[in-house]
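Work through the exercises below with the sequence and the coordinates at hand. Each task is followed by a solution in steps.

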Amino acid sequence: LLTVPSTEFWLVVRASDTSDYWRFGRAGGGAYQLQKVAGGTPGAPAATVATVLPAAGDLLSCGLLSAGISCSVNGVTVAAVVDSFNVEEEKGLVG
């Protein structure tokens, strides 16, 4: 059982079969962040969550919205952005 959170861990969210995806987590012991990865290269964080201190046992989750992505820590939404990778695919869905 970990008593201290890892310095780096990521939850990966991919809505389509491409090399582009989102990841939510942290690196270097820093704050949680939602980051876009395009062509295998991480970009600048789309959202940084400085208000939540990472703790051992945190439960991370992300969900795709109609035109975006939303991520939470322990059931509380902490980051949400427009999902520019998958907007075109979502327009083609029949509801």
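**Exercise 1. The hairpin of β3 and β4**

Task: Determine the sense in which β3 and β4 pair, and over how many bridges.

Solution. The model is a predicted one. Strands β3 and β4 are antiparallel and share six bridges. To fix the register, take V37: its bridge partner in β4 is P42. Next, look at the turn. Two residues lie between the strands of this hairpin, and G39 adopts a positive phi near 60°.

**Exercise 2. The open sheet**

Task: Give the strand order of the four-stranded open sheet and name its edge strands.

Solution. The order is β1-β2-β3-β4, with antiparallel pairing. The edges are β1 (9-13) and β4, since each of them pairs on one side only. On average, neighbouring strands of this sheet are turned by 25° against each other, direction ignored. Inside the sheet, β2 and β3 are joined in the antiparallel sense by five bridges. One register point for this pair is G25, whose bridge partner in β3 is Q33.

**Exercise 3. The hairpin of β6 and β7**

Task: Describe the pairing of β6 with β7 and find the residue that stands opposite C71.

Solution. β6 and β7 run antiparallel and are connected by six bridges. Opposite C71, in β7, stands A79. The hairpin has two residues between its strands, and N74 takes a positive phi near 55°.

**Exercise 4. The disulfide**

Task: Locate the disulfide of the structure and decide for each of its cysteines whether the residue is buried or partly exposed.

Solution. The structure contains one disulfide. The bond links C62 and C71, with the sulfur atoms 2.1 Å apart. The angle about the S-S bond is 110°, and the link is right-handed. For accessibility, the cut-off for buried is under 20% relative accessible area. C71 has a relative accessible area of 1%, so C71 is buried. C62 has 24% relative accessibility and therefore counts as partly exposed.

**Exercise 5. The nonpolar core**

Task: State how many residues the largest nonpolar core has and which of them have the most contacts inside it.

Solution. This core has 14 residues. Those with the most contacts inside it are F24, Y32, L34 and I69. Now assign the core to elements: two or more residues come from each of β2 (21-26), β3 (32-38), β4 (41-49), β6 (68-73) and β7 (76-82). The largest contribution is that of β6, with three residues.

Note on methods
Residues numbered from 1 in each chain as written. Predicted model: local features only at pLDDT ≥ 70, side-chain atom pairs only at ≥ 80, totals over all residues. Heavy atoms only, no water. Core = buried A, V, L, I, M, F, W, Y, C linked by side-chain atoms within 4.5 Å. Buried < 20%, exposed > 50% of the residue type's maximum accessible area, 1.4 Å probe, protein only. Pairing = 2+ DSSP bridges. Disulfide = S-S within 2.5 Å. Axes fitted to C-alpha atoms, helices over the stretch in contact; angles between N-to-C directions.
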